[in-house]
Amino acid sequence: MTRRKRNRFTDWQETAVRELRAVAAAFPDDFQLLDRPRLTGLGLVQARIQLRTGDLARAPHGLPLQQQEEFLLRIGPSRLSPPLVEVDHHRFIGYPHVLQGRRLCIYLDAAREWDPQRGFASAIDRLYDWLADAAAARFDPDAALFHAVGGILHHTPGTPTIVVRKSGKPVKAQPAFLTVRSAHRQDLHYGGGHSSHRRTMVFQVADPLPLGAGTRLHDLLTLLDTTIAPGAFAAPPPLPQAAAFLTALAATASRNPAGAPQAFILAIPHPTGGPPHLLAGQVPAVAADELRRRVRNRREPILNIDAGMLDNQTPVEWCTVSDERDSVTTRRDAYRPTNAYQGKTIHIWGCGGLGSWIAEFIARAGAKRLILCDPGAVTGGLLVRQNFTEDNIGEAKAEALRQRLIAIGDDIAVEAHTNVIPDDLATLLGDTDLIVDATISRAIGQLLDELAKAAGRPLLAQVATDAGTTSLGLLTVSDPTNPSGPNAIDQKSGKAVAADGALEPFHTFWRDVSAQDELTPTRGCSVPTFHGSAADIAAVAASLTSLLGSHLAGNEPVSGTHLIGLPHSPAGPFRRFIPAA
């Protein structure tokens, strides 16, 4: 029988077991294999091991290790699965990187940290290093994923994602609403008036839940009434939370229609303080209807729901929370030049090859308001490189781009003007931080030069790419203190570039476009256009957007012209800045 079981080990598991035995033979005083590795029902090979841990340095609040510690090591069927390590006691409950009180999170990011090429024995080294850090209290608890709720992901397939952008009040149970945005998304807010909202509540939990929140309502109620201190079980709180939670859940359900599941949000304190961790769940419609019935049939004015009268098999369906509160979220571009666009009002004049991509990059960077101007319409040929789709054909460019940008985020206002500039430009200038001219129009350039003389005017910029390859980029910037506009600065920069033989690939920006660099998309009277792909022009637009962000964020006024070349451009990977004279 043993032989047949061992033959069911995969090649990887056989190799791992051999390596464990080799380590045990080489270091008998430090590592022991306590039993014969066996296959579990989940296809994992389990081995009980023992490590000598008495020599590890200790620190206050560190993991309470004994002289020898035993662990359950579980080996997956292939090298793609990192090993799992658990203990079969409760001494480690509540400590950082201990999931549900038993599993040790020795790989915080297994994709980067688990290296099977080093052999399975490397997992023993990793475990020993983990124990050394834990005993010496060198972990940062803030880095422990989902630490406030047992260190595991609570998610039921098929449930919607709950988007949270505002923090509630620090009260025990706060009424709230969920607005249905789609089949897979609902938004939490604290004010009514939405046509498709359902009532919910945010319940403040008193202590972290290091054992998780369970998969049934009965489990959740039990865990809410179990306070756990690191290393020991503490007495239940004098005022049980479960009763308060269940009462608030029933009261909320009574305000929703029959046949609807009842959602709730748990605000769970983090062990090291700071904003609470949010966990969203719901009970199915059958259970929610039972709560509604008990509220209707109560005989006393004070609502009191007895958990013992509910089906103890009632599941809790956990929803993913997209936690976007300012107190817990750091933008992924926080330390990049594009962060300068956050909260700004910006004009994009020209929504074509460069302008359509720059507008999207700025929108994703968190701009407060975008004013788009373009008199053109979307045609099929533009889809090769402009930021539009098949459904936009026939629409005004500015309006089509506006629709795309407002779909990126709820917190941006976008205006579309089907003229080359806004009709109310004088009015808009007072609240504008930046104007980007992506029209390649001489008349627009001359207009910007006139605007440059106005006091309190915004940052002005012009962008362009070469007609032959769209792999070269040009950005001219005029800071608010410079009386010369970007068009005038560009003309002076052109003279400097023309006199520099090392900049020959960029001479094209100040010459008439040659016939070889243009193409006529359609026979007849089609206006000649430039060569280039979406990949080329989007890359140029992205680089110019970042460079421009640096000017917008700068403390010192700087004007001048940037020249860039993509790696495959005629200039190769290239960047040069020519300051304004």
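Good morning, everyone; the protein chain I am showing has 13 helices and 27 strands, where helices (H or I, at least four residues) and strands (E, at least two) are DSSP runs numbered from the N terminus. This is a predicted model, in which local features need pLDDT of at least 70 and side-chain atom pairs count only at pLDDT 80 or more, while totals for chains, interfaces and linings use all residues. Residues are numbered from 1 along each chain as its sequence is written, and side-chain values use heavy atoms, with hydrogens and water left out.

Of the 581 residues in the protein chain, 45% are buried, meaning under 20% relative accessible area, with exposed being over 50% and partly exposed in between, for a 1.4 Å probe and protein chains only.

Let me turn to helix α6, residues 241-253, where 10 of the 13 residues are buried, so the helix is largely enclosed by the rest of the structure. Among those buried residues are Phe245, Leu246 and Leu249, and the buried set packs against several elements, including β9 (173-182), β14 (262-268) and α7 (285-296), with contact taken as heavy atoms within 4.5 Å.

My last stop is Asn387, which lies in the loop between β19 (369-373) and α9 (397-406) and is buried, with a relative accessible area of 5%. Leaving aside residues up to four places away in sequence, Asn387 touches Ser356, Trp357, Glu360, Leu401 and Arg404.
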